Amino acid sequence: MERRHVLVYVENINGRLNTSSFELLTKAREVADAFSGRVYSVLLSAGDDPFREAREVIARGSDVAIVYRVERELLPNYLLHAEALTSAIRRTRPALVLVSATPWGRSLAPRVAARLGVGLTADCLDVYVDESGEIVQVRPAFTGNIIAHIKTSSSPVMATIRPGVFSPPKPDYSRSGEVILADEPLTPPEGLEVVGLSRERSVRLSEASVIVAVGRGLRRREDVALFEELAKILGGEVAVSKPLVDSGWFEKERQVGFSGNIVRPRVYLAFGISGAPQHIAGMRDSEFVISVNIDPSAPMARHSDIFVVGDMYEIAQKLVNRLKAFKSYESRN
Amino acid sequence: MALEPGASEGNIIVLVKPTPDINKVRFDVERGRIDRSSAELEINPFDLYALELATRLREILGGRVIAVSMAPPHAEKALRDAIARGADRAILLSDKRFAGADTLATSYTLAMAIRKLGGFRLVLSGEKSVDGDTGQVGPEVAEHLNIPHASFVHRVVDVDEDSITVESDFGDGYYLVRLRFPALLSVSRPLTFRGESLEPRIPKLSDVLRSRRARIEVWSADDVPGIDFRRIGLTGSPTRVVKAFYALEEGRRPVVYKDPEAAVEEIIKVLRSRKLLR
């Protein structure tokens with residue numbers, strides 16, 4: 001088979017490389033190995049030491065890191081990143097380009113695809129090489145009820161990949177690789193100024209190891225305090241199902257579901273969530289699922305490892321009491 | 001296809017996608033696409049926010065609000081709805097040659113139609129469509145037009161004659177972005193405009209009646225000057241669904257508890273065995 005390469009765009013908005021970009025390197029390595037090709041990474045750097053970021057991506061499986069150096073205030077300018085990615089594609093002529101399907105990636109990748117006149121597949125769950133040596137992209141459609149396998153006839157094949165579907169590779173700092181400091185200047189695009197960070201994200205459900213999710217069983221907005229207490233004791237986050245966002249009680253940042261956040265915590269505790277397909281699509285990859293519902297026929301049961309038929313308030317309160325006692329016992333000893 | 005500077009007379013173009021109600025429509029697994037033949041089409045919910053924002057911006061910037069769709073002929077009703085919701089003009093790009101378009105061909109076609117219209121300050125779209133769910137068409141249109149864009153816009157902070165300042169979700173945080181006109185915005189919900197929360201309006205009866213008499217302009221590929229027929233529809237679409245199937249409901253086998261005490265004991269045991277109790 002002809003040697004073909006994979007290019008990974010590594011997201012760097014604020015000086016910290018986005019870990020979801022590392023996940024792409026796992027898949028890139030696999031596809032590049034199938035083609036006996038190389039894994040290239042491209043990133044922008046505003047640091048004093050552009051080799052620092054290059055070392056990170058090489059440690060995670062890149063053979064070549066292409067670094068574009070920019071002024072710090074230009075780092076969050078996505079159109080500049082689009083320039084860099086376009087230029088790296090022209091330079092390395094990869095068979096496959098992977099971008100993380102973060103909001104940033106989903107804003108930038110379409111510009112690059114349109115500029116090159118190539119296809120782009122959104123929010124993929126997988127990419128593989130089929131028996132004829134062609135790249136196939138796998139993505140959910142229709143609120144996740146349908147899984148579509150997609151081929152692209154233009155080159156390179158471009159895909160954005162949903163964060164969290166691949167595990168990031170363990171870094172190996174003894175790996176060697178080539179670092180290219182790109183010397184062509186990037187032209188700041190006209191008409192766009194990224195003034196700066198306006199608000200931090202208040203919650204990051206995708207990274208939580210424990211999620212306490214509440215649904216329509218919540219009778220009043222303020223009742224969430226009980227579940228917040230439980231989440232706090234467990235070092236987790238409170239999440240909600242779509243109806244609680246639609247009613248205006250909670251911000252979308254806290255929503256789990258196809259149209260909200262896709263999560264995969266170690267333990268997902270669902271209180272008063274019936275389990276609509278759109279919710280299941282957001283949590284089905286959780287390691288362990290515990291749900292509490294007054295209705296024994298709730299569809300959520302089929303997606304749970306422990307299903308408690310009962311009152312969500314009662315169970316949550318009992319858990320809080322028990323865990324508090326447990327904690328104070330632990331701290332005394 | 002860069003725009004000529006100074007060509008702006010200040011219209012606001014809203015990209016409106018007529019979409020089927022995804023709870024009602026069928027997916028054609030054999031052909032790997034949505035069976036739109038029977039489904040009634042309504043405006044994609046995200047695009048309703050774009051339309052609402054457009055009418056607010058018109059109060060400040062002037063110009064006309066023009067709704068543009070690429071869809072089958074029976075999407076005309078959705079465009080009447082756009083008129084009822086405040087659009088001054090509605091254009092339906094409808095032609096068999098447009099059919100089967102992916103985001104690349106769709107965005108090219110829309111961009112060519114926008115170029116024909118000319119004289120715009122802003123192009124607005126919803127963050128994504130409920131059926132395709134890619135969110136790609138907005139930024140791709142911006143690229144074809146060679147204008148800046150902002151995606152996942154949650155707040156419109158300020159607007160003046162020359163520029164608009166918005167808050168855009170980058171994923172790791174919300175950033176303030178200033179775009180000089182002409183520009184494109186993909187808007188999300190919740191959406192605020194100068195601090196006020198925006199919700200799509202419910203059209204008044206008089207507006208609905210007026211929209212019934214409105215003329216929906218239908219453009220075929222021949223009505224779009226300079227369009228490259230190799231770049232539209234199925235021919236211009238590099239991505240192809242090769243197979244599609246229903247996602248397997250993997251399901252779990254739950255241990256069911258009805259006694260609260262026993263349930264709590266078991267949950268504690270699970271949390272402890274997973275080392276989640278510190």
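**Figure 1. A close-up of B:T192 in its strand.** B:T192 sits in strand β12 of chain B, a stretch that covers residues 183-193. This is a predicted model, so take the whole set of views in that spirit. Leaving out residues up to four places away in sequence, B:T192 touches B:H154, B:R155 and B:V156, and also B:S197 and B:L198. Then there's B:Y49, which is 143 residues away along the chain, yet its C-alpha atom and that of B:T192 are separated by 9.9 Å.

**Figure 2. B:S151 and the residues around it.** B:S151 belongs to strand β9 of chain B, residues 149-159. Is B:S151 buried or exposed? With a relative accessible area of 4%, B:S151 falls under the 20% cut-off and therefore counts as buried. Skip the neighbours within four places in sequence, and its contacts in chain B are B:P139, B:S168, B:D169 and B:S186. Chain A joins in too, through A:S107.

**Figure 3. Where a helix of chain A meets a helix of chain B.** Here helix α4 of chain A (residues 103-116) packs against helix α4 of chain B (residues 137-145), with the axes 8 Å apart and an angle of about 45° between them. Why call the pair oblique? The angle is neither under 35 degrees nor in the 65 to 115 range, so α4(A) and α4(B) count as oblique to each other. The crossing of α4(A) past α4(B) is right-handed. From α4(A), the contact draws on A:R106, A:S107, A:P110, A:R111, A:A113, A:A114 and A:R115. Facing them from α4(B) are B:P139, B:E140, B:A142, B:E143 and B:H144. Sorted by class, that contact has 5 nonpolar, 2 polar and 5 charged residues. Two names here may ring a bell from the previous view: A:S107 and B:P139 are both in contact with B:S151.

**Figure 4. Two helices crossing within chain B.** Helix α2 (residues 76-84) and helix α5 (residues 205-213) of chain B have axes that come within 8 Å and cross at roughly 130°. That angle makes α2(B) oblique to α5(B), and their crossing is right-handed. On the α2(B) side, look for B:R80, B:I83 and B:A84. They meet B:D207, B:V208, B:R210, B:S211, B:R212 and B:R213 of α5(B). The tally for this contact is 3 nonpolar, 1 polar and 5 charged residues.

**Figure 5. The open sheet of chain A, with a helix across it.** What is the order of the 7 strands in this sheet? Reading across chain A, they run β5-β9-β4-β1-β2-β3-β10, with parallel pairing. The edges are β5 (120-124) and β10 (178-181), each of which pairs on one side only. On average, neighbouring strands are turned by 20° against each other, direction ignored. Zoom in on β2 (residues 39-45) and β3 (residues 64-69) of chain A, and you'll find a parallel pair held over 6 bridges. One partner to pick out in β3(A) is A:A65, the bridge partner of A:S41. Helix α1 of chain A (residues 19-34) lies across β1 (6-9), β2, β4 (96-100) and β9 (157-161), and runs at about 180° to β1(A).

**Figure 6. Chain B, zoomed out for context.** Chain B has 6 helices and 16 strands, and its C-alpha trace spans about 70 × 45 × 40 Å along the principal axes. Of its 278 residues, 58% count as buried. Among contacts in chain B between residues at least 6 apart in sequence, 73% link residues at least 24 apart.

Note on methods: Residues are numbered from 1 along each chain as its sequence is written. Chains are lettered from A and ligands numbered from 1 in the order in which they are written. This is a predicted model: local features need pLDDT of at least 70, side-chain atom pairs count only at pLDDT 80 or more; totals for chains, interfaces and linings use all residues. Side-chain values use heavy atoms; hydrogens and water are left out. Helices (H or I, at least four residues) and strands (E, at least two) are DSSP runs, numbered from the N terminus. Buried means under 20% relative accessible area, exposed over 50%, partly exposed in between (1.4 Å probe, protein chains only). Contact means heavy atoms within 4.5 Å. Two strands pair if DSSP finds at least two bridges between them. Axes are lines fitted to C-alpha atoms, for helices over the stretch in contact, and angles run from 0 to 180 degrees between N-to-C directions. Angles under 35 degrees count as roughly parallel, over 145 as roughly antiparallel, 65 to 115 as roughly perpendicular and the rest as oblique. A crossing is left-handed if the near helix is turned anticlockwise from the far one by less than a right angle, and right-handed if clockwise. Ala, Val, Leu, Ile, Met, Phe, Trp, Tyr, Cys and Pro count as nonpolar, Asp, Glu, Lys and Arg as charged, and the others, Gly among them, as polar.
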